[in-house]
Amino acid sequence: MKKITSKIYIAAVFIFLYAPIFVLIANSFNKSKSRTVWTGFTLDWYTKLFNNEVILKSLLNTLIVAAIASIVSTILGTAAAIGIYNMKKITRSLVINITYIPIMNSEMVTGVSLMLLFVALNINLSFMTLIFAHITFCVPYVILNVLPKLRQMNRNLYDAALDLGCNPFQAFRHVVIPEIMPGIVTGFLMSITYSIDDFVISYFTHGSTSQTLPITIYSMTRRKVSPEVNALSAIIFVVVLVILLIMNLSDIRRTSPKKKKRVKEKQS
């Protein structure tokens, strides 16, 4: 009975999470603009999507901002994490607590404060201010993902590399970076995800020619959301799903040889 109940509960949770997405995808193939009446299957909304300059430009802006912000924040966050790791215990705890503030803080407060900062410095809101704002809230995620990997690393590895003839840069590149690479990759992926997804901070810091996709979709709600947005959302969902499947399959292929070796070792 417990197994049946748990399965029903899990199914209900997944339906709650994914039913709206599947409804959206279904509506992207609906001839009618109505979200409640099905009038027939069509691919016209996908054709119109690739001819809609406003949506495509906003999507391009979103991807450019996400790429630049995630790369820069990954570099800055990794360097900051290494610096924090080498601090004294009290100072390290204080800095880590400060690092949590941008994550715990309301996005509205962060967005308004950044906007007021740019205005106070007489910086016009533009593509660059949008990128700086995204870097600001992405860096803490990288720091908090890299720090645990630094704690797991054996401190003596770096010293051993120096003793074996490596200079500090070579030891950092060939010893430290491979050890913390999972944290760096995770921080990068979280940065690019939050950057693409962000609306509130982008709304307060974007310029007239640097609208991101969430802002463009929000502006459409003042009239009526076009089914072209449904088509775009369906494409994004499929792309993310394919990426996740590829990553999971690659992980399975990597782990399966290790499992086989362990089984052979146990049998021998």
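A pocket here is an open set of grid points with protein on both sides within 12 Å along at least five of seven lines, and its lining residues have an atom within 4 Å of a point. The model described is a predicted one.

**The largest pocket**

The largest pocket has a volume of about 950 Å³. Its lining counts 25 residues, and those nearest the centre are Thr 193, Ile 196, Ile 236, Phe 237 and Val 240. Five helices each give at least two residues to this lining: H1 (2-27), H3 (53-85), H8, H10 (213-220) and H11. The largest share, eleven residues, is supplied by H11. Sorted by class, the lining of the largest pocket holds 21 nonpolar, three polar and one charged residues.

Ile 196, one of the residues nearest the pocket centre, belongs to helix H8. Is Ile 196 buried, exposed or partly exposed? Its relative accessibility is 37%, so Ile 196 counts as partly exposed, because that class lies between the 20% limit for buried and the 50% limit for exposed. Between Ile 196 and Thr 255 there are 31 Å in space, C-alpha to C-alpha, and the two are 59 residues apart in sequence.

**The largest cavity**

The structure has one cavity of 30 Å³ or more. The space in the largest cavity comes to about 30 Å³. Around the largest cavity stand Asn 27, Asn 30, Ser 32, Lys 33, Ser 34, Arg 35, Pro 227 and Asn 230. By class, this lining divides into five polar, two charged and one nonpolar residues.

The two linings are set out below.

| Space | Volume | Nonpolar | Polar | Charged |
|---|---|---|---|---|
| Largest pocket | about 950 Å³ | 21 residues | three residues | one residue |
| Largest cavity | about 30 Å³ | one residue | five residues | two residues |

**A nonpolar surface patch**

Which residues make the nonpolar surface patch of about 710 Å²? They are Met 181, Val 185, Leu 189, Ile 236, Val 239, Val 240, Ile 243, Leu 244 and Met 247. Helices H8 (168-197) and H11 (227-267) each contribute at least two residues to the patch. H11 provides the largest share, with six residues.

Val 185, a member of the patch, is found in helix H8. With a relative accessibility of 38%, Val 185 is classed as partly exposed. Patch residues need over 30% relative accessible area, so the 38% of Val 185 passes that cut-off.

Ile 236 and Val 240 appear both in the patch and among the residues nearest the centre of the largest pocket.

Definitions and conventions. Residues are numbered from 1 along each chain as its sequence is written. This is a predicted model: local features need pLDDT of at least 70, side-chain atom pairs count only at pLDDT 80 or more; totals for chains, interfaces and linings use all residues. Side-chain values use heavy atoms; hydrogens and water are left out. Patches are made of residues with over 30% relative accessible area and no salt bridge: like charges are joined within 9 Å, nonpolar side chains (Val, Leu, Ile, Met, Phe, Trp, Tyr) within 5 Å. Accessible areas come from the Shrake-Rupley method with a 1.4 Å probe; for residues, only the protein chains shown count as cover. A salt bridge is a side-chain nitrogen of Lys or Arg within 4 Å of a carboxyl oxygen of Asp or Glu. Helices (H or I, at least four residues) and strands (E, at least two) are DSSP runs, numbered from the N terminus. Buried means under 20% relative accessible area, exposed over 50%, partly exposed in between (1.4 Å probe, protein chains only). On a 1 Å grid over the protein atoms alone, a cavity is a set of points where a 1.4 Å probe fits but cannot get out, and a pocket is an open set with protein on both sides within 12 Å along at least five of seven lines; lining residues have an atom within 4 Å of a point. Grid points are joined across faces, edges and corners, and a volume is the space filled by probe spheres set on the points. Ala, Val, Leu, Ile, Met, Phe, Trp, Tyr, Cys and Pro count as nonpolar, Asp, Glu, Lys and Arg as charged, and the others, Gly among them, as polar.
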